[in-house]
Amino acid sequence: MTPDATGGANGHGNPAGAAAVVLGAGTAGLNAALQLARRGLQVTVVESRRLGEGGARWDNGVLDWQYTRAGIAPPTPDEVHDTTGVTRLYGPADAGPVTVQSPTRHADMRRLNDRLVGLCRAEGVAFVDRARDVVVSEVDGRVRALDLVGCDPDDGPSDGQHGDEAGARALHLEADLFVDAAGRHGVLRSQVRDLVQWCPPVARDLLCTASQFMFRVAEVDGARRFLDRRGVRAGDGVTWVGLDGGFSALAVTVQPDLERVSVLTGTIASGSWGSGRTILDRARAENPWIGDPIYGGDGLIPLRRPFARLGAGGVALVGDAACQVFPAHGSGIGTGLMAGAVLAEQVVAHRDPGSDEALWAYQHAFHAEHGGGLAAYDAFRRCSSAIGSDGIRRLFTSGLFTAEMGGSGLDQRWSEPTPAQTVAAARAYLRDPGLARAMVPWLARCAIAARLGAASPAEPDERALRRWDRRVARLVDG
Ligand SMILES: Cc1cc2nc3c(=O)[nH]c(=O)nc-3n(C[C@H](O)[C@H](O)[C@H](O)COP(=O)(O)OP(=O)(O)OC[C@H]3O[C@@H](n4cnc5c(N)ncnc54)[C@H](O)[C@@H]3O)c2cc1C
């Protein structure tokens, strides 16, 4: 920890030696810290929980290509579960199934968090944990310092008690660049005048309420019967989509050891369909062979496309704080990790890494690389909510939902349909013209939105950004 770490950027044309403070030690914040430190910045990470306990504390589906793009090695064997990658997908009323060879790997985010902390430490990143009362100091509209109360985990109390106040002290952290990686609410973005207007609170109908727990298998025969009924093996996933509103999922994966089972649930948080936890409880009641929980958690995930403005006033946003989440299934790990790499690559090209020019370059690079696909899948997610559970069932019964469609969604990359897929879709639409009328306009919007990321203004120009944002909103928001 380096209070009063720097008086400013070094002024020599690259920011090596400049200081950055990252608020939030979840996966997005830790990778932003790692990537900035690797490029020569002096980085301090501030976390409100105990170090090593930040971010997601459950298993998440993640993709190797996203880790690689984010500048870290793909999940290590001790992070991932030994699942097969086969996922059998059903619609409501057991419509389907469609079997997908999924690129997704199921990784324990607690272990990824540990790995990232270790990598950060090796790059000399300093940590402050159990931080609270974070207040920004602005000079001429730019954040220059944070005042907070926190502990240095290296010399803090070691009795393992949460909320222990011993060792806490007032800290004043100055830096050239601040990164808000504090999760869905953000912390700094609401205190920076130029960001507040661009980052409105995310409405509940744009939030996913999700739960993921690893349970013990209480009765192996029950687990075997579940697998046999679905024609799958231990290690394969069985997922129902659309049971609790058009955007909803219940995913059950009996682990290859037949001793544990992962259950993931999610739906829109508007209150119409309960919560991730109520769906989870229902699944357990229907499957009494699922035993006690081992670990897991619940939370709310922003499902809208990323904010148009990703940095201003010396503050960059990454992760859930920026809504950098794949909207079609609320996956924020990979995109949040990649944002850290994009941020670091862009700001180090600037003498002052927290300048408006540097932050704008990050914003444009992120939107150009990922913004179009995320906007397209935002429209796709809204389409799934609009057609509702019955529309999802008809997707399966008409044959419109194919393994290719499922696979590309799981891979989190937008791709235009091939001619063969277009012909197959046209046949499916002939079988269900009502579904075609409901979906085709949305799919056209997706295709256009996918191309708009690169059109985000490359040079600092608020009015041009506003026009671009309105254009995307007109397409995506319906
Ligand atoms: C049940 C569930 C299942 C999910 N499944 C998947 C999945 O399969 N795949 C996937 O990719 N994503 C999944 N997600 C989403 C994913 O977990 C999030 O998108 C991701 O964790 C966001 O990472 P983050 O680092 O941006 O934020 P967070 O993980 O929220 O981390 C933010 C950190 O900031 C800290 N913080 C908050 N306030 C302060 C403060 N004032 N000062 C200092 N620190 C602060 C927090 O303590 C936390 O450690 C799931 C989410 C849930 C809830």
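A cavity is a set of grid points where a 1.4 Å probe fits but cannot get out. The exercises below apply this to a predicted model.

**Exercise 1. Find the enclosed space and describe its lining.**

Step 1. Search the whole structure. One cavity of 30 Å³ or more turns up.

Step 2. Take its volume. The largest cavity comes to about 80 Å³.

Step 3. List the lining. It has 14 residues, and R305, H367, G371, W468 and V472 are the closest to the cavity centre.

Step 4. Assign the lining to elements. Helix 8 (356–398), helix 11 (433–452) and helix 12 (462–476) each give two or more residues. Helix 8 gives the most, with four.

Step 5. Sort the lining by chemistry. Eight residues are nonpolar, four are polar and two are charged.

**Exercise 2. Map the nonpolar cores.**

Step 1. Start with the largest core. It holds 112 residues. Those with the most contacts inside it are L36, V43, L146, L148, V318, L343 and Y362.

Step 2. Ask which element gives the most to this core. Helix 8 does, with 16 residues.

Step 3. Zoom in on L146. Leave out residues up to four places away in sequence. L146 then touches V21, L23, V134, V135, V136, L171, H172, L173, F178 and L188.

Step 4. Look for another core. A second, separate one has 20 residues, including F213, V217, V252 and W289.

**Exercise 3. Judge the overall fold: compact or not compact for its length?**

Step 1. Count the elements. The protein has twelve helices and 17 strands.

Step 2. Compare the radius of gyration with the globule rule. The model gives 23 Å, close to the 23 Å that the rule gives for 478 residues, so the protein is as compact as a globular protein of that length.

Step 3. Box the C-alpha atoms along the principal axes. The box is roughly 65 × 55 × 35 Å.

Step 4. Check burial, with under 20% relative accessible area as the cut-off. Of the 478 residues, 55% count as buried.

Step 5. Check the range of the contacts. Take those with a separation of 6 or more; residues 24 or more positions apart account for 74% of them.

**Exercise 4. Place helix 9 in its surroundings.**

Step 1. Pick out the buried residues of helix 9 (residues 403–410). They are G406, G407, S408 and G409.

Step 2. Find their partners. The buried residues of helix 9 pack against strand 5 (98–101) and helix 8.

Step 3. Inspect the backbone just after helix 9. There, Q412 takes a positive phi of about 60 degrees.

Note on methods: Residues numbered from 1 in each chain as written. Predicted model: local features only at pLDDT ≥ 70, side-chain atom pairs only at ≥ 80, totals over all residues. Heavy atoms only, no water. 1 Å grid on protein atoms, 1.4 Å probe; cavity = no way out; pocket = protein on both sides within 12 Å on 5 of 7 lines; lining within 4 Å. Points joined across faces, edges and corners; volume = space filled by probe spheres on them. Nonpolar A, V, L, I, M, F, W, Y, C, P; charged D, E, K, R; others polar. Core = buried A, V, L, I, M, F, W, Y, C linked by side-chain atoms within 4.5 Å. Buried < 20%, exposed > 50% of the residue type's maximum accessible area, 1.4 Å probe, protein only. Contact = heavy atoms within 4.5 Å. Rg over C-alpha atoms; globule rule 2.2 N^0.38 Å.
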